[in-house]
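Colleague: Could you take me closely through the interior of this protein and the charged side chains in it, and say where each value comes from?

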Amino acid sequence: MRLTRLAAWTAAVVLLAGAAQAQDTKAAIDAANKGFIAAYAKHDAAAVAAFYSTTAEAFPPGSDLVKGRDAIRKMWQEVMDSGIAAADLKTTEVHAEGNFAYEVGTYAMMSKDGKVADRGKYVVVWLKEGGQWKLHRDIWNTTMPPPPAPAKK
């Protein structure tokens with residue numbers, strides 16, 4: 001009977017520790033996302049790129065793979081220069097295992113006049129690097145319809 005009670009108690013502690021770790025990971029990822037959005041709002045592409053791991057890769061829509069922080073900085077600078085003034089992220093799911101986590105969510109990108117220029121969904125694989133959660137693989141795609149084709153003459 002004692003062994004059964006001890007096993008149940010141990011299982012409960014392990015489950016609670018796992019739940020606490022999941023909450024800590026979600027909180028850390030939420031904080032990183034807030035920092036990312038704040039850096040973007042300041043149009044600081046270098047600060048945005050600093051949220052990525054040293055071996056990060058981004059998979060932007062309609063583009064080739066973007067590898068490494070410097071290339072990711074240039075990519076975000078181009079987005080900023082195109083007139084996208086702000087971004088908003090809504091996390092719908094986070095799951096962590098060891099030094100890796102994944103996040104699923106939706107995004108909106110707004111132009112300088114505050115209108116939604118793009119909206120869609122994303123998946124990020126996070127890597128714990130130097131004690132910090134960093135975006136490691138970042139993929140997103142639009143849910144907006146393509147622009148209408150030009151009229152034929």
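Modeller: I will start with the overall layout, then turn to one acidic residue, the aromatic side chains and the salt bridges.

This is a predicted model, in which local features need pLDDT of at least 70 and side-chain atom pairs count only at pLDDT 80 or more, while totals for chains, interfaces and linings use all residues. Residues are numbered from 1 along each chain as its sequence is written, and side-chain values use heavy atoms, with hydrogens and water left out.

The protein holds 3 helices and 6 strands (DSSP runs, H or I of at least four residues for helices and E of at least two for strands, numbered from the N terminus), and from the N terminus their order is α-α-β-β-α-β-β-β-β. Of its 153 residues, 31% are buried (under 20% relative accessible area, with exposed over 50% and partly exposed in between, for a 1.4 Å probe and protein chains only). Among contacts (heavy atoms within 4.5 Å) between residues at least 6 apart in sequence, 50% join residues at least 24 apart.

E103 belongs to strand β4, residues 100–111. E103 is buried but has no salt bridge, and K26, the nearest side chain of opposite charge, is 7.3 Å away (Lys and Arg count as positive and Asp and Glu as negative, with His and the chain ends not counted; a salt bridge needs a side-chain nitrogen of Lys or Arg within 4 Å of a carboxyl oxygen of Asp or Glu). What the side chain of E103 does have is a polar contact of 2.6 Å with that of T91 and another, of 3.0 Å, with that of W126 (N or O atoms within 3.5 Å, one able to donate a hydrogen and the other to accept it, with sequence-adjacent residues counted only if both atoms are side-chain atoms). Beyond its neighbours within four places in sequence, E103 also touches other residues, including I29, N33 and Y122.

W126 leads on to the largest nonpolar core, of 26 residues, where W126 is among those that touch the most other members, along with V48, Y52, I72, M75, W76 and W140 (a core is a set of buried Ala, Val, Leu, Ile, Met, Phe, Trp, Tyr and Cys joined through side-chain atoms within 4.5 Å). The largest share of this core, 5 residues, is given by α1.

The whole structure has 5 aromatic pairs (Phe, Tyr and Trp rings, the six-membered one for Trp, with centres within 6.5 Å; planes under 30 degrees apart are stacked, over 60 edge-to-face and the rest tilted). W76 and W140 make a stacked pair, at 5.5 Å centre to centre and 15° between the planes. Because W76 sits in helix α3 (residues 69–81) and W140 in strand β6 (residues 132–142), this pair ties together parts 64 residues apart in sequence. Both W76 and W140 are buried, and they share one aromatic cluster with F36, Y40, F51 and Y52.

Of 7 salt bridges in the structure, one joins the side chains of E57 and K67 at 3.8 Å, N to O. E57 is in strand β1 and K67 in strand β2 (residues 66–67), so this bridge ties together parts 10 residues apart in sequence. E57 counts as buried, at 14% relative accessibility, whereas K67 is exposed, at 56%, and a network of salt bridges links E57 and K67 with R137.
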